[in-house]
Amino acid sequence: MTIYVSHRGAEELAALRLSDAPKPTGGHCPIQLLAAVPSEECGCPEELWDLNGIIYLIHMEEDDASGEIFVFAGDWETETMVQCATIEDLRAEMFQAHAELMRHGEEQEE
Ligand SMILES: [Zn+2]
């Protein structure tokens, strides 16, 4: 694993750990929410994420309880539709899709 500690993480770990907490590492947070905004087309909730350098845009259609997951990975992109009730559920689907993508990538390297 890549070691990463934010300033906030160092503060929280200092409160949780008995021994000295690790110092902030600086650098790029490997998993981060880049934006949470209404869609420009329909006003639906959207979130933009960076998960290990792969960009995900999730779009929650609250009227029909469905969501879309757009994946932008540089040289390729894909789009998946899932059934889900809330943006929280859709976000969980996005993390699941990312886990499968990471697992699939590791299999290909073998
Ligand atoms: Zn929409």
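Me: Why does Gly-67 count as buried?

Reply: In this predicted model, local features need a pLDDT of at least 70 and side-chain atom pairs count only at pLDDT 80 or more, while totals for chains, interfaces and linings use all residues. Residues are numbered from 1 along each chain as its sequence is written. A residue is called buried if 20 or more other C-beta atoms, placed from the backbone, lie within 10 Å of its own, exposed if 12 or fewer, and partly exposed in between. Gly-67 has 25 C-beta neighbours inside 10 Å, so the residue counts as buried.

Me: Which residues does Gly-67 touch, leaving aside those up to four places away in sequence?

Reply: Contact here means that the C-beta atoms of two residues, placed from the backbone, lie within 7 Å. By that test Gly-67, which lies in strand β4, touches Ile-58, His-59, Met-60, Glu-61, Val-82, Cys-84, Leu-90 and Glu-93. Thr-80 is 13 residues from Gly-67 in sequence, and their C-alpha atoms are 8.4 Å apart in space.

Me: Why is Ile-55 called partly exposed?

Reply: Ile-55, found in strand β3, has 15 other C-beta atoms within 10 Å, a count that lies between the two cut-offs for burial and exposure, and so it is called partly exposed. Leaving aside residues up to four places away in sequence, Ile-55 touches Leu-48, Asp-50 and Phe-72. Asp-50 also stands opposite Ile-55 in the pairing of β2 and β3.

Me: What makes the eight residues around Trp-49 and Ile-58 a nonpolar core?

Reply: The term is kept for a set of buried Ala, Val, Leu, Ile, Met, Phe, Trp, Tyr and Cys residues joined through C-beta atoms within 7 Å. The largest such core holds Trp-49, Tyr-56, Ile-58, Met-60, Ile-69, Cys-84, Leu-90 and Met-94. Two or more of its residues come from each of β3 and α2 (87-109), and β3 provides the largest share, three residues. Trp-49 touches Tyr-56 and Met-94 of this core, as well as Leu-33 and Leu-34, not counting residues up to four places away in sequence. In soluble globular proteins, nonpolar side chains tend to be buried together.

Me: How do you know that β3 and β4 are paired strands?

Reply: Helices (H or I, at least four residues) and strands (E, at least two) are DSSP runs, numbered from the N terminus, and two strands pair if DSSP finds at least two bridges between them. Strand β3 (residues 54-61) and strand β4 (residues 66-72) are joined by seven bridges, which satisfies the requirement of at least two, and they run antiparallel. Among the facing residues, Ile-58 stands opposite Ile-69, Tyr-56 has Val-71 as its bridge partner, and Glu-61 has Ser-66. Four residues lie between the strands in this hairpin, where Ala-65 takes a positive phi near 50°.

Me: Why is one side of β1 and of β5 left without a neighbour in the sheet?

Reply: The open sheet has five strands in the order β1-β2-β3-β4-β5, with antiparallel pairing. Strands β1 (31-38) and β5 (77-83) stand at its edges and each has a single partner strand, so one side of each lacks a neighbour in the sheet. On the β5 side, seven bridges join β4 to β5, and Glu-68 has Met-81 as its bridge partner in β5.

Me: Why is the protein said to be more spread out than a compact globule?

Reply: Along the sequence the elements follow the pattern α-β-β-β-β-β-α. The radius of gyration, taken over C-alpha atoms, is set against a globule rule of 2.2 Å times the number of residues to the power 0.38. For 110 residues the rule gives 13 Å, whereas the value for the protein is 17 Å, well over it, so the protein is more spread out than a compact globule. The C-alpha trace spans about 50 × 35 × 20 Å along its principal axes, and 10% of the 110 residues count as buried.

Me: Which elements have the lowest and the highest mean pLDDT?

Reply: The quantity is the predictor's confidence in each residue, from 0 to 100. Its mean for the protein is 93, with 95% of residues at 70 or more. Among the elements, α2 has the lowest mean, 87, and β2 the highest, 98.
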